[in-house]
Each structure stands twice: as structure tokens, then as C-alpha cells.
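Open your viewer, load the model and keep the selection box handy. We will go from stop to stop, with something to select at each one.

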Amino acid sequence: MPLSLSSSSLLFPSFTINSKPHRFTFNIQASSSSSSKQLSLNSKLERKDRVIVIGAGLAGLAAATRLHSQGRPFVLLEASDAVGGRVRTDSVDGFLLDRGFQIFITAYPEAQKLLDYNALNLQKFYSGAKVYYNGQFHTVADPFRHFWDSIKSLANPIGSVLDKLLIGLTRIRVLIKTDEQILTSSEVPIIELLRNIGFSDSIIDSFFRPFFGGIFFDKELETSSRLFDFIFKCLALGDNTIPANGICQIPNQIASKLPFESILLNTRVLSIDFDEQNMPNVRLANGETLKSEIGVILAVEEPEADKLLRQPVKFQRKPARSTVCLYFSADKDEIPVQEPVLFLNGSGKGIVNNMFFATNVAPLYGPLDKALISVSLIGLFADVMDDNLTAEVIRELSDWFGKSTVGSWRHLRTYRVRFAQPNQSPPTDLIKNPKSEFSLAVYLC
């Protein structure tokens, strides 16, 4: 089928077009006037001398970028109507809603290779957080960016002075290591690492559990210490940000540098089969089969990879990390703070893990006179209906900011992200060989 690019939906990274997200919509269309394009596309699909990349999330886009930079032909297949995978943004009533709470840390090494940060117009969070504890908010600040705030916070109840000294020493420890050293080091669960360092239960429960638990969607802090060290290093070296026009601008920017005719949206893969030579055949939902003499890169989440390879899982998968994100709107002049700061639940009670006023960080996330509120929970809460979940969040945040304030908030949308992240508790293999056990021509991202 012919591939057409809707010009109104293409946002080049050097342009900002109002506050709505502009997605790549490579619409699959059929028309009697496009027979030559039909033949052209069919010939591309029949080519066997190019790599087939399945999944246009960040992993698939990065793989395609690498192939393109080396002059290797490829076709990138995506089942949905836009690139990005989970890194997507929806426009709802004039607000930009990222599909789940997402922060972009500028020190990510792969991102520095792939992205033009200036074009993304990154908006910074305050380097620290406000922790809700014992009915009050207490500031935890990065002393290298907010020195006086950190001095004033020494006496607050979020950990002892020794805890705050240990945070500084942990920063030094991770900064003197290379990324490879961190990702191949001996590992324990994060909770064990924190206790071995000497952090008190107070700061673990009131700060590390909601902060790093919110990063990994793991409130028990069972995730590998390798990832704790890696993220801690990135936090020390970079800023916490979001793109001015939504998190979707990250995959859109990567896709804009690829030949658009090589990206096929609305193209669902049903399975990957293997011929007599153990070479992969990619079977599509429309009945076509694509073949490659070069190889197939499978850049989808773990459960989908198992399904496409049609292989029984040989061992018990670790439970995936899930999250729920709720969005609310409010009048801008009635929200309790104007700071671009992340709020953490350090009380040890309730279902809210963290929240922030998105328009305080990135004003284009909402209309001029409105505020956008993002609230995140850890877990899927599959047995709780959306309305009940919304009511409980409103009740909890009324304790934080006052019933008269929160009671006026209007619920916009709830996102339940079942596979937000893989479970990366030890043992992990973070620098593993991407070749699949099924075929030397299949690579797993």
C-alpha cells in the first residue's frame, strides 16, 4: 500500500508550532491514482538486502539511526499510528499529556549521541524535591546546584546530617567510575546497597523509596544496584527536564532524521518464523511476509518478543514494573506553588508516590490560564476502577494541599502502563550480546 506523509503533522526539530503535539503520521492509504507508488513500495518490501526493524520505540529508532548512519538499508515496522512506543504525548482539551510520568535526564550517554537538545527546548526541573512527611513539605536539594537550600535543609527531618554527607560521598563514588564499570560491577538490590553504605531507615523510607522507587516503579527497591549507580551518576552530571512540547518530541526528532519511506506505521507483525536455513520470515497482519538476508532487529517489550517469536518461555519471567499516571487540570492562579519541583510522598502512607505541576516546568503543556497536574502511582491497581482511583488520589492530595484547593481540580485522563519497564532486579546482564538464541540473524533490543 502506498505511504503518504501528512505535511500538517510533521514537526521538524527547529520549529515550534503552538502547544499541540505534532506527530509523524505516515498514513497508509490506498487510492487509484497511486499505482506507481504501490509498485515502488512493493518492490521495497520485497527487497531482501535490508534489515527489518520491528518496533519504532526509542530502541528501534536508535537501531534504525545507526543503520542509516552506516548507509545500510532498512525498513522500520510499527504497529501503532506514530513512532515512540511508550514515549508518546496526547493532546486533550488543550493540554499535553505524556503517556505516563516521564523525565528526561540530559546526561544519558546514548541520548547525547542521538539528540539535538537545543531543538528540544528542554525545560528544567528544580534539582531536588519537596518531600511530604509528617504533614509538611521538606526540601531535599542538590548542594552543587542549590547550595543555600541544601544548607537550610540540613536540619529538616528527611534523614540525618550523616545521611546527607553520605549522599555526597555516593556522588563522588559513582562519578569516578566509567559507565562500563558501573554496568558490569557486582550487584545487590538497591535496598541492600543503601543499607551497606550506612543510610538510615528514615532517609531510605522518606526519600530513596519514593524517589528511586518512582524512577524504577519499584517501591521495594529490589532493582539492581548497577542501575542505581548509573542513574545517580546521570543525575549528578545532568539536568532533569522535559521537552517544551511534550515527551513525544524525542522520538519525533530521531524519526525526522530517517528516510520517511523506510518507516511503516500501522503495520503490525504477527510472528517471526524461520526457514530451512534458520533465516527469519516476518509475517504481517495484512498477510504479507517480509524476508531479510541481513537480519531482523526485534525492538519490542519482552512479552511481545516472546509472542512474535512464538517460543515458549523457558523460565519464569520476573514481574514487569507497572504504573498508573493521572492528570488533572486547575486554574493557574489557584495552584499552591509555582515552582518547577517534584513532590514525593515520604509519609509511607497512601497510594500517591510522586506528583508535579507540569505547567510549572513546561508552560506549553497547558493553556495560558490553566495548570496541568501529573500524579504517579507505583503498580497497576488492576482491581480498582478509574473513578475510585481518582477519588482516592484527590482525597490524599487534599491532605497535602488542602481540600478547597484540590477539590476544584478536574480529572482529564488516567493512563495505566502495564509494561512500564522490565523488572531489573539482580541478577542482570546490562551489557549482553543482542543476538537471539533462536537465530544468528535475529537481534534483540
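## Stop one: a pocket with many neighbours

This is a predicted model. Start by selecting β9 (128-133), β10 (136-141), α5 (147-152), α6 (161-175), α9 (201-216) and α10 (225-237): each of these elements supplies at least two residues to the lining of the second largest pocket. Which element gives the most to this lining? Colour α6 to see the answer, since α6 contributes eight residues, the most of any.

The second largest pocket holds about 760 Å³ of space. To find its middle, select Val-140, Ala-141, Asp-142, Pro-143 and Ile-167, which are the closest to the centre among the 38 residues that line it. Colour the lining by class and you will get 24 nonpolar, nine polar and five charged residues.

## Stop two: the link after α9

Stay with α9 and α10 and pick the loop that lies between them, where you will find Asp-218. Is Asp-218 buried or exposed? Its relative accessible area is 2%, so Asp-218 counts as buried.

Now show what surrounds Asp-218. Leaving aside residues up to four places away in sequence, Asp-218 touches Gly-213, Thr-223, Arg-321 and Ile-378. Add Ala-320 to the view as well: Asp-218 and Ala-320 are 102 residues apart along the chain, yet their C-alpha atoms are separated by 9.9 Å.

## Stop three: a three-stranded sheet

Next, select the open sheet whose three strands come in the order β7-β11-β8, with antiparallel pairing. At its edges are β7 (104-105) and β8 (122-124), each of which pairs on one side only. Zoom in on β8 and β11 (residues 240-243), which are joined in the antiparallel sense by three bridges. Show Leu-122 here and look across to Pro-243 in β11, which stands opposite.

Step back from β8 into the loop that connects α4 to β8, and select Asn-121. Asn-121 is not a glycine, but has a positive phi of about 50 degrees. In general, most residues other than glycine have a negative phi. Asn-121 has 38% relative accessibility and therefore counts as partly exposed.

## Stop four: an enclosed helix

Now move to helix α11 (residues 249-256). Why is α11 described as largely enclosed by the rest of the structure? Because eight of its eight residues are buried. Select them by name if you like: Gln-249, Ile-250, Pro-251, Asn-252, Gln-253, Ile-254, Ala-255 and Ser-256.

To see what does the enclosing, add the elements that the buried residues of α11 pack against: α2 (58-69), β7, α3 (109-114), α4 (117-120), β11 and β12 (263-264). You have already visited β7 and β11, as members of the three-stranded sheet.

## Stop five: from β12 into a hairpin

Follow the chain onward to the loop between β12 and β13, and select Asn-266. Asn-266 also has a positive phi of about 50 degrees without being a glycine. With a relative accessible area of 41%, Asn-266 is partly exposed.

Then select β13 (residues 269-274) and β14 (residues 280-284), two antiparallel strands joined by five bridges. Show Asp-273 and you will find Asn-281 of β14 opposite. The two strands form a hairpin with five residues between them, and Asn-278 in the turn has a positive phi of about 65 degrees.

## Stop six: a closed cavity

How many cavities of 30 Å³ or more are counted in this model? There is one, with a volume of about 60 Å³. To surround it, select Asp-98, Gly-100, Phe-101, Gln-102, Ile-242, Tyr-327, Phe-356, Ala-358, Tyr-365 and Ser-374. By class, this lining has six nonpolar, three polar and one charged residues.

## Stop seven: an unusual peptide bond

Go next to the loop between β21 (410-421) and β22 (442-444), and select Pro-427. The peptide bond leading from Pro-426 to Pro-427 is cis, with omega near 0 degrees. As a rule, most peptide bonds are trans.

## Last stop: zoom out

Finally, display the whole chain, with its 15 helices and 22 strands. Of its 445 residues, 50% are buried. The chain exposes about 20,900 Å², and carbon and sulfur atoms supply 54% of that area. Among the contacts with a separation of 6 or more, 72% link residues 24 or more positions apart.

Technical notes: Residues numbered from 1 in each chain as written. Predicted model: local features only at pLDDT ≥ 70, side-chain atom pairs only at ≥ 80, totals over all residues. Heavy atoms only, no water. 1 Å grid on protein atoms, 1.4 Å probe; cavity = no way out; pocket = protein on both sides within 12 Å on 5 of 7 lines; lining within 4 Å. Points joined across faces, edges and corners; volume = space filled by probe spheres on them. Nonpolar A, V, L, I, M, F, W, Y, C, P; charged D, E, K, R; others polar. Helix = DSSP H or I, 4+ residues; strand = E, 2+ residues; numbered from the N terminus. Buried < 20%, exposed > 50% of the residue type's maximum accessible area, 1.4 Å probe, protein only. Contact = heavy atoms within 4.5 Å. Areas by Shrake-Rupley, 256 points an atom, 1.4 Å probe, with all protein chains shown as cover. Pairing = 2+ DSSP bridges.
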